[in-house]
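Open the structure in your viewer and keep the selection tool at hand. This tour goes from one pair of helices to the next and ends at a pocket.

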Amino acid sequence: STFVVVKSALADSSTLAFLAVRFSIASVLLFAVFRSRLAAAPPDRSSWIGGAVCGCFLFVGYALQTAGLRYTSASNSAFLTGLYVVLVPLFSSALARKNVRWVEWMACLLATGGTALMTGLGMGTLNWGDLLTVGCAVAFSAHIVAVAHWSGRLNYEWLTLLQVAGVAILSLSTFWWIETPHLSWTPSLAAALAVTAVLATALSFSLYTWAQRHTTATRAALLFALEPVFAGLVAWGFAGEKWNRTSLAGAMLILCSIVLAELRPAQK
């Protein structure tokens, strides 16, 4: 639902200023909730490195996604962001120096076709917001691989706080010179910040980082694949976004590519 919420909030705020406030609030909340557990296990050098790497990828992903929402629909943004589930196996294979399986290449082709249908690339048009959102999917792919690498080495409280605080610090240090800062404190902006900071950042990233250690990557990815489905439904039901046969076909191809990328041969 935050795809619709954030798109509405951008009418009252510039991109990085919104992220700076959102992630700053979430960082304060996480520190308050995890304070005693954080004090019991101070971070070492490895923790700082892991948090910094995850935070940098997360910042780039959210900056591109939020900027892209200015120029594309909430449902398009959700489905294009979902491409990270296809890209993760490719990045993981490259990191582990393993050959990419044919089924993963097939998933990439399906995802590319779906993206072309959803964004109108097949008709020779290109939406700048769609391109930014594809870039955010690449950054989120790198973030998921980084979290998978570091979550088994660090306690989830520190990893959650460090990556969220990293986004806050990078946003605060860049919003005043990369963009023209703009914040209009309207009730809708305040509500959007409350929802995104508390539920979609502090709570969601805590649950995600903790759960990553207790389930398989395949199950997690398939559950993440539901994100664009719910986002499309919310955009259709509450924001009045229209769907046509071409965009529906593109969305189906992307969902099929996500599922195909996560299929594994059955073990005997």
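Start with two helices, α2 and α9: α2 passes α9 in a right-handed crossing. The model you are looking at is predicted.

**Stop 1: α2 and α9**

Select residues 15–40, which form helix α2, and then add α9; their axes come within 9 Å and cross at roughly 50°. An angle over 115 degrees or under 35 degrees would need another check, but angles from 35 up to 65 degrees count as oblique. α2 and α9 are therefore oblique to each other.

Now show the side chains where the two helices touch. On the α2 side, the residues in contact include Phe18, Phe23, Leu29 and Phe34. On the α9 side, Leu189, Leu193, Val198 and Ser206 are among them. Colour this contact by class and you should find 15 nonpolar, three polar and one charged residues.

**Stop 2: α1 and α4**

Next, select α1 together with helix α4, residues 74–81. The axes of α1 and α4 are 9 Å apart, and the angle between them is about 125°. α1 and α4 are therefore oblique to each other. The crossing of α1 past α4 is right-handed.

Which residues of α1 and α4 make the contact? From α1, pick Phe3, Val4 and Lys7; from α4, pick Ala74, Ser77, Ala78 and Thr81. Sorted by class, the contact of α1 with α4 has four nonpolar, two polar and one charged residues.

**Stop 3: α4 and α7**

Keep α4 selected, drop α1 and add α7. Here the axes of α4 and α7 lie 8 Å apart, at an angle of about 35°. This crossing of α4 and α7 is right-handed.

To see the contact, show Asn76, Ser77, Leu80 and Thr81 of α4. Facing them from α7 are Asp130, Thr133, Val134, Cys136, Ala137 and Phe140. By class, the contact of α4 with α7 has five nonpolar, four polar and one charged residues.

**Stop 4: the largest pocket**

Clear the selection and turn on the pocket display. The largest pocket has a volume of about 1000 Å³. It is lined by 33 residues, and those closest to its centre are Tyr84, Ala200, Ser204, Phe224 and Glu227. Select these five residues to find the place.

Then colour the elements that give two or more residues to the lining: α1 (2–9), α3 (45–68), α7 (128–150), α9 (187–211), α10 (217–224) and α11 (227–238). Which element gives the most to this lining? Select α9, which gives nine residues.

Finish by colouring the lining by class: 22 nonpolar, nine polar and two charged residues.

Terms used:
Residues are numbered from 1 along each chain as its sequence is written. This is a predicted model: local features need pLDDT of at least 70, side-chain atom pairs count only at pLDDT 80 or more; totals for chains, interfaces and linings use all residues. Side-chain values use heavy atoms; hydrogens and water are left out. On a 1 Å grid over the protein atoms alone, a cavity is a set of points where a 1.4 Å probe fits but cannot get out, and a pocket is an open set with protein on both sides within 12 Å along at least five of seven lines; lining residues have an atom within 4 Å of a point. Grid points are joined across faces, edges and corners, and a volume is the space filled by probe spheres set on the points. Helices (H or I, at least four residues) and strands (E, at least two) are DSSP runs, numbered from the N terminus. Ala, Val, Leu, Ile, Met, Phe, Trp, Tyr, Cys and Pro count as nonpolar, Asp, Glu, Lys and Arg as charged, and the others, Gly among them, as polar. Axes are lines fitted to C-alpha atoms, for helices over the stretch in contact, and angles run from 0 to 180 degrees between N-to-C directions. Angles under 35 degrees count as roughly parallel, over 145 as roughly antiparallel, 65 to 115 as roughly perpendicular and the rest as oblique. A crossing is left-handed if the near helix is turned anticlockwise from the far one by less than a right angle, and right-handed if clockwise. Contact means heavy atoms within 4.5 Å.
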